[in-house]
Amino acid sequence: MSPRPGFVLEVDRSTPPTLYWHGERFRLERLPEGSRVIYAPEPIDPLEDPSAAIRRALQSPLGDKDPLPALLRAGMKLTIAFDDISLPLPPMERPDIRQLVIEQVLDMAAEAGVDDVELIVALALHRRMTEPELRHALGDRIYDAFAPNGLLTQHDAEDPDALVHLGQTDHGEDVEINKRAAESDLLVYVNINLVAMDGGHKSVATGLASYKSLRHHHNPQTMRQSRSFMDQHHSELHTSNWRMGRLIADSGVNVFQIETNLNNDAFPPAFSFLQKREWEWSVKDRLAYLGVSKALDRTPAKYARQIFHSVKAPHRMTAVQAGEVEAVHAVTTDNVWRQQGVTVDGQTDILSMGLPYISPYNVNSILNPILVACLGLGYFFNMYRGKPLVREGGVVIMSHPTPWEFNPVHHPSYIDFFEQVLSETTDPIEVAKGFEESFATDPWYIHLYRTGHAYHGVHPFYMWYWCAHALQHLGGVIIVGGDPAAVHRLGFRVASTMADALEMAQDIVGPSPTLTHVHTPPILMSDVQ
Amino acid sequence: MTTNFGSSRSLLKPRAVRADAALGTNRSRAIGAVKRLSPTDIASRAGNRRFPLAAPSWPESVPRPAPEHRLGVDYDTDWSRKYPVRLVRAMLLDNVTRPLARLIADPLVRGDEYLATLDAPVIFAANHTSHVDTPLLMSCLPLRFRHRTVVAAAADYFFDRRWKSDLFAFSLGAIPIERNKVNRRSAQLAADLVEDGWNLIIFPEGGRSPDGWGQLYRGGAAYLSVRTGRPVVPVHLQGTGNVLPKGGRGIRRTRTTVTFGTPLLPDEGEDARRFGARIESAVATLADEATTDWWTARRRAVAGTTPRLQGPDVAPWRRSWALPKATSATPNPNADVDGTGWPRRTGTRSQ
């Protein structure tokens, strides 16, 4: 049977309670009759032979590009850049797609006699990956061949010697990217496309860029004009990146883009109930849910988090395409929509969502309050095309414990941002004006970013800017089950139950509201008509 | 921040939920239009509170996929009429069910002499107040009927799960009957079995009484008799509602009475509806007989003053008040009326 497309359910009295993520826990909520629940399409069938598909893609590129073997020659300088730990979510079971693709690229390079090869993690201002994380992404064979020789590096956006300024776009945007990548004869970028925002020119123009370059599109004004940043054609974030990408190409940087699509099979069989529609839960699913949820309820959050972060997703590759950046990305985006798209009729007054334990920025770490806001208002809110799922002036209800808890190794600047900045203002514009510069240039944060495993000092600002469109659009945000102090610091309201949250939401949207719930996992994109 | 209630309202479209997505087709994506929640909706909470301990219910707007196993009226009961299964069932009925029925319900059987000269197959049409009715009635059937009898059982109740279907087909020889609508398959199955020589127990009320009084009779028994030409034996079971009433949690030892009536055949040209009314009236007379005596019941029947099976049309508490009182199952010194052992029988009754 072919996988079923997405589905919008109208809740009636026979609808079983709906599953909500709640951080490292789950909740079953009995929604009011007449509510809508949006379910994602089922995982589409993976490629039968991923290695053969990769080889075909490299030999038959899209757009104005020669096959990869034809681009490789002895004596050339080859750089292979790839996406960092933020993709995919959760991290996939071995072998990771990056390993499968890069091994084939290296095989071709070896056949062509290319000696000067370097691998770069395109982490922009994200934290550096640890050795186990790199081994997981690349496999031991690649890691052992390149890392000991210093040929596996992590992009350093604060190393002036490792950056090159390629110029300014016609909008005055500085384009400063990784020097090794820019000066190579060929830059192969290996991407994993989990959401429509990823890939395209954003891979190089953001992943290998410096703060000087990123600040042109990572700001509140751009984010407010990205409606949404999951919809490339209506996203100022992408428009800016595309301008930069074209300038990079015009500067002579030869980018061979390889993009991959995954299906949305995000959790192993023990958690299969997460991805099922509740009325289809079998006895096994119900037992699994009861076992897992009861065990988690009795497990301290710290250990529950460790358990979840040890979960590897059985994602499988559904497509791979290579060649010229824009031609490749057009196909990739279509594939993302094919897997995640659900057509939804009309906006809603109240949008509810259960937030999980993980976002792109806390793999093997804590989903701190800022990341909770970013996940709900930055990501889930923006998973639309056309118009937001919730109407202007509407309310978002999120379910998450939102603990006042930070990982000091990964998110040191987040702690200060939360304590010092959000206590002053939650307005993204004011935040940017008053505080961004000092955090972005703080030598201690830069030191931790360059030498440790810390996100850049400016990163919490970007997470807050990610929420800028939602904050401007919404009439209120309510977090069910959140830590009151942390939630109030974010400028949101807290409710102890969904029923309370609905009562509070009606104070904002008025009586007789409409309610829509986005059922995750897996992630989905709403095409709002 | 802005608030704009008007913008979304203008976007609303007529409510429509395309449920095709639930069935695994890869057609167009489902679309669910937004619906405003009334205060009643907001106060409501959908779904079973006991989920996931209890099985999930199925949303009304989502069509169910074809069941993996054929259940309900589609359940195949042929296996339960194979000789080895019948043998085990007969042993179970004679050695377990009958002693248990005697212990718990202590039935007094009246009118079974009508069955002595009756040729099988026949259709037994009884009133229905308890799950005890079927095993009790089977226990009280004469031997030549007892082990070649099937029971018409509600397809939506006894055949909605695989394990229930197997259990009741095996233990009672149950066959699935659609009770909520006309179903060609279940009617055909019952008629085929009767024509094939199987006796049939059927409860024309379609389900157990919710309050101890009878319900309106449906036409199944009459239809089968008209179609097959086989007689209907009206049966009245009294007291089983006190043993295990509908919704009751435990079994209570109580004396019961099983009264067989005169076999009925449809008259020339009589249709199923009129014949059904005659069956209902015959059972009502037997009910009267169970609480009075045969002669009184006959006189009332002739005079048209037999109490209705459905009880008085008054307030619920008065209906409950008017029910015949339960009779204790403590040993009755007069139980063995004719001295022939169990079940207790009243002996030959003059016509």
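## A walk through chains A and B

Start by selecting β13(A) together with strand β20 (residues 525-528) of chain A: the two pair in the parallel sense over four bridges. Keep in mind as you click around that this is a predicted model. To find a matching pair of residues, pick Gly341(A), whose bridge partner in β20(A) is Met525(A).

Now add β15(A) to the selection. You have an open three-stranded sheet of chain A, with parallel pairing and the order β13-β20-β15. The edges are taken by β13 (341-344) and β15 (384-385) of chain A; each has a single partner strand, so one side of each has no neighbour in the sheet. If you switch on hydrogen bonds, remember that strands of a sheet pair through backbone hydrogen bonds, either parallel or antiparallel.

**Next stop: β6 of chain A**

Select residues 116-122 of chain A, which is strand β6. Why is β6(A) largely enclosed by the rest of the structure? Five of its seven residues are buried, so the rest of the structure closes around most of the strand. Buried here means that 20 or more other C-beta atoms lie within 10 Å of the residue's own.

Bring in strand β5 (residues 77-83) of chain A, and you'll see a parallel pairing with β6(A) over seven bridges. Click Asp83(A) and look across to Ala122(A) in β6(A), which stands opposite. To trace the connection, follow the chain from β5(A) through helix α3 (residues 97-112) of chain A and on to β6(A); this β-α-β crossover is right-handed.

β6(A) also pairs with strand β7 (residues 152-154) of chain A, again in the parallel sense, over three bridges. The residue to click is Ile120(A), which stands opposite Thr153(A) in β7(A).

**A loop residue next door in the sequence**

Go to Leu151(A), in the loop between α5 (140-146) and β7 of chain A. Is Leu151(A) buried or partly exposed? Leu151(A) has 15 other C-beta atoms within 10 Å, so it counts as partly exposed. Draw a distance from its C-alpha atom to that of Ile120(A): you should get 8.1 Å, although the two residues are 31 apart along the chain. Leaving aside neighbours within four places in sequence, Leu151(A) is in contact with Val117(A), Glu118(A), Leu119(A) and Phe146(A).

**Two helices crossing**

Hide the strands and show helix α15 (residues 412-421) and helix α18 (residues 459-466) of chain A; their axes come within 8 Å and cross at roughly 60°. That makes α15(A) and α18(A) oblique to each other, because the angle is neither under 35 degrees nor in the 65 to 115 range. For the side chains, select Ser413(A), Tyr414(A) and Phe417(A) in α15(A), which meet His459(A), Pro460(A) and Phe461(A) in α18(A). By type, the residues of this contact are four nonpolar, two polar and no charged.

**Over to chain B**

Select residues 174-177 of chain B, strand β4, and turn it around: both faces are covered. Ala174(B) and Pro176(B) are buried on one side, and Ile175(B) and Ile177(B) are buried on the other. Strand β3 (residues 149-154) of chain B runs parallel to β4(B), joined by four bridges. Click Val151(B) to find its bridge partner in β4(B), Ala174(B).

**Zooming out**

Finish with whole chains.

- Chain A has 21 helices and 20 strands, and buried residues make up 61% of its 529 residues.
- Chain B has 13 helices and eight strands, with buried residues making up 40% of its 351 residues.

Technical notes:
Residues are numbered from 1 along each chain as its sequence is written. Chains are lettered from A and ligands numbered from 1 in the order in which they are written. This is a predicted model: local features need pLDDT of at least 70, side-chain atom pairs count only at pLDDT 80 or more; totals for chains, interfaces and linings use all residues. A residue is buried if 20 or more other C-beta atoms lie within 10 Å of its own, exposed if 12 or fewer, and partly exposed in between; C-beta atoms are placed from the backbone. Two strands pair if DSSP finds at least two bridges between them. A crossover is right-handed if, with the strands pointing away from the viewer, the path from the first strand over the helix to the second runs clockwise. Axes are lines fitted to C-alpha atoms, for helices over the stretch in contact, and angles run from 0 to 180 degrees between N-to-C directions. Angles under 35 degrees count as roughly parallel, over 145 as roughly antiparallel, 65 to 115 as roughly perpendicular and the rest as oblique. Two residues are in contact if their C-beta atoms, placed from the backbone, lie within 7 Å. Ala, Val, Leu, Ile, Met, Phe, Trp, Tyr, Cys and Pro count as nonpolar, Asp, Glu, Lys and Arg as charged, and the others, Gly among them, as polar.
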